[in-house]
Amino acid sequence: MENAVVGDDVHGEDPTVNALQELVAGLLGMEAGLFVPSGTQSNLVALLTHCGRGDEALVGLAAHVARYEAGGASVLGGIVLHPLVQEVDGSMALDQVQSAIKPKDVHFAKTRLLCLENTWHGRPLALGYLRSIIELARKASLSLHLDGARIFNAAIALHMEARDLAAGFDSVSVCLSKGLGAPVGSVLCSSKPFIDEARRWRKMVGGGMRQAGVLAAAGRVAIEEQVERLAIDHENATRLAKGLRGIPGLVVEGAFTNMVFLHVPERAIAPLGESLARQGVLIDGSENPLRLVTHLDVDAAGIDRALQAFASYFVAERAGASKALN
Ligand SMILES: *Cc1c(COP(=O)(O)O)cnc(C)c1O
């Protein structure tokens with residue numbers, strides 16, 4: 001970052017940003033890329049580029065675009081989000097998607113776009129599902145956007161190239177932060193004309209940054225040095241899931257990539273949090289199941305420490321319960 005050669009990226013003149021955009025676009029088999037400050041802005045800019053006011057995007061009910069982006073596409077773009085129920089593996093029933101596509105009729109918003117997310121809650125989307133839903137969207141002349149914030153996790157888990165998971169999509173957003181460890185940044189990838197248009201939207205929503213090469217330099221390290229390493233995060237998540245399954249009474253999902261979900265009895269969440277905190281492990285207990293995510297700052301020893309802390313809470317809880325029964 002210190003040695004990054006910089007220029008004014010608002011004018012497209014930052015060589016470090018330009019090189020990063022090319023690098024990521026190349027890995028995804030796309031023509032061009034656009035460096036943006038966050039994944040949220042990347043999805044927003046993609047939707048603003050795909051859809052006009054009064055157009056509709058089909059999205060998963062619990063997808064990041066639908067649930068965790070403050071309604072930006074609707075607030076700022078006048079885009080109608082039509083959320084569809086998903087299975088635990090992230091899939092939406094094809095007949096449900098088909099029937100959500102509106103006919104050409106003045107009563108309806110114009111269905112323009114379908115958005116998918118891969119990985120889905122730490123799970124790579126099934127390849128057969130991907131093929132079928134892409135085909136369905138193509139037949140209906142919908143555009144396709146992939147929120148691939150964690151697409152490299154999917155690629156590593158499936159032993160595939162990211163470009164093969166991006167194939168068939170018109171645009172793909174990738175996070176450089178998250179598991180890849182850059183302090184900030186995402187790259188939106190698509191065709192050259194799409195990215196030219198997206199650049200205007202990025203400027204409008206305040207994402208045009210000047211000497212952004214210092215950030216892009218960190219993004220380059222993320223892409224060049226951290227992608228293969230994701231396999232270690234996946235091993236650590238598997239170690240965590242296995243350890244948690246060894247604690248009686250816990251329901252554990254995962255790990256498909258770097259996420260483990262832990263269903264905890266509602267009454268246990270607050271005391272569990274306090275007990276873990278005393279042992280130096282912090283959790284966010286705002287959603288149940290708890291989502292446990294591994295990344296480059298967590299090593300196997302850290303996993304074992306966390307497991308120890310979980311086990312000691314639940315062992316103590318069970319001892320307390322049996323005392324109460326006696
Ligand atoms: C993190 C994430 C985003 C948003 O990224 P931010 O940089 O936090 O705005 C979008 N989609 C998915 C699936 C994510 O995990």
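Where is the place of Thr119 in this fold? Thr119 sits in the loop between strand E4 (110-117) and helix H6 (127-139). I'm starting there on account of the peptide bond leading into it, but first the usual caveat: what you have on screen is a predicted model.

Okay, so that bond. Going from Asn118 to Thr119, the peptide is cis, with omega near 5 degrees. There's another cis peptide from Gly254 to Ala255, with omega near 0 degrees. Ala255 is in a loop as well, the one between strand E8 (251-253) and E9. For background, most peptide bonds are trans, and most residues other than glycine have a negative phi.

That second point brings me to two backbone oddities. His159 isn't a glycine, yet its phi is positive, about 55 degrees. You'll find His159 in the loop between helix H7 (151-158) and helix H8 (162-166). His159 counts as exposed because its relative accessibility is 74%, and the cut-off for exposed is over 50%. Then there's Lys178, also not a glycine, with a positive phi of about 55 degrees. Lys178 lies in the loop between E6 and strand E7 (186-190), and at 40% relative accessibility it counts as partly exposed.

Keep Lys178 in mind, and let's go to the ligand. Lys178 is one of the residues around the ligand. The others in that shell are Ser38, Gly39, Thr40, Asn43, His64, Glu69, Glu117, Asp147, Ala149, Arg150 and Cys175. Which helix gives the most to the shell around the ligand? That's helix H2, residues 39-50, with three residues. Sorted by class, the shell has five charged residues, five polar and two nonpolar.

Now the polar contacts. On the oxygen side, a backbone N or O atom of Gly39 lies 2.8 Å from an oxygen atom of the ligand. Thr40 brings its side chain: an N or O atom there is 2.6 Å from a ligand oxygen. And for nitrogen, look at Asp147, where a side-chain N or O atom is 2.6 Å from a nitrogen atom of the ligand. How much of the ligand's accessible area does the protein cover? On its own the ligand has 380 Å² of accessible area, and the protein covers 80% of that.

While we're in H2, have a look at Thr49, which is in that helix too. Its side chain reaches the backbone oxygen of Val45 at 2.7 Å. Thr49 is buried, with a relative accessible area of 16%.

A couple of other buried spots. Val174 is in strand E6 (residues 171-175), and its relative accessible area is 0%, so it's buried. Val65 is found in helix H3 (residues 64-67), and at 6% relative accessibility it counts as buried too.

Next, salt bridges. How many does a search of the whole structure find? It finds 12, and I'll walk you through three of them.

Pair one is Arg210 with Asp8, where the closest N and O atoms are 3.0 Å apart. This pair links distant parts of the chain, 202 residues apart: Asp8 is in the segment before H1, and Arg210 is in the loop between helix H9 (192-204) and helix H10 (213-225). Buried or exposed, what is Asp8? Asp8 counts as buried, at 18% relative accessibility. Its partner Arg210 is partly exposed, at 41%.

Pair two is Asp304 and Arg239, meeting at 2.8 Å, N to O. Here the link runs between helix H13 (residues 300-325), which holds Asp304, and helix H11 (residues 230-245), which holds Arg239, and the two are 65 residues apart. Both ends come out as partly exposed: Asp304 at 33% relative accessibility, Arg239 at 38%.

Pair three goes back to H13. Glu317 and Arg267 meet at 2.9 Å, N to O. Glu317 is in H13 and Arg267 is in the loop between strand E9 (259-263) and helix H12 (269-278), so this bridge ties together parts that are 50 residues apart in sequence. Glu317 is partly exposed at 25% relative accessibility, while Arg267 counts as exposed at 61%.

Last stop, the surface. Which residues make the nonpolar surface patch of about 240 Å²? Those are Met1, Val6 and Val214. Met1 lies in the segment before helix H1 (15-27), and Asp8 from the first salt bridge is in the segment before H1 as well.

That's my tour, thanks.

Terms used. Residues are numbered from 1 along each chain as its sequence is written. This is a predicted model: local features need pLDDT of at least 70, side-chain atom pairs count only at pLDDT 80 or more; totals for chains, interfaces and linings use all residues. Side-chain values use heavy atoms; hydrogens and water are left out. Patches are made of residues with over 30% relative accessible area and no salt bridge: like charges are joined within 9 Å, nonpolar side chains (Val, Leu, Ile, Met, Phe, Trp, Tyr) within 5 Å. Accessible areas come from the Shrake-Rupley method with a 1.4 Å probe; for residues, only the protein chains shown count as cover. A salt bridge is a side-chain nitrogen of Lys or Arg within 4 Å of a carboxyl oxygen of Asp or Glu. Helices (H or I, at least four residues) and strands (E, at least two) are DSSP runs, numbered from the N terminus. A residue is near a molecule or strand if one of its heavy atoms lies within 4 Å of it. A polar contact is a pair of N or O atoms within 3.5 Å; within protein, one must be able to donate a hydrogen and the other to accept it, and residues adjacent in sequence count only if both atoms are side-chain atoms. Ala, Val, Leu, Ile, Met, Phe, Trp, Tyr, Cys and Pro count as nonpolar, Asp, Glu, Lys and Arg as charged, and the others, Gly among them, as polar. Buried means under 20% relative accessible area, exposed over 50%, partly exposed in between (1.4 Å probe, protein chains only).
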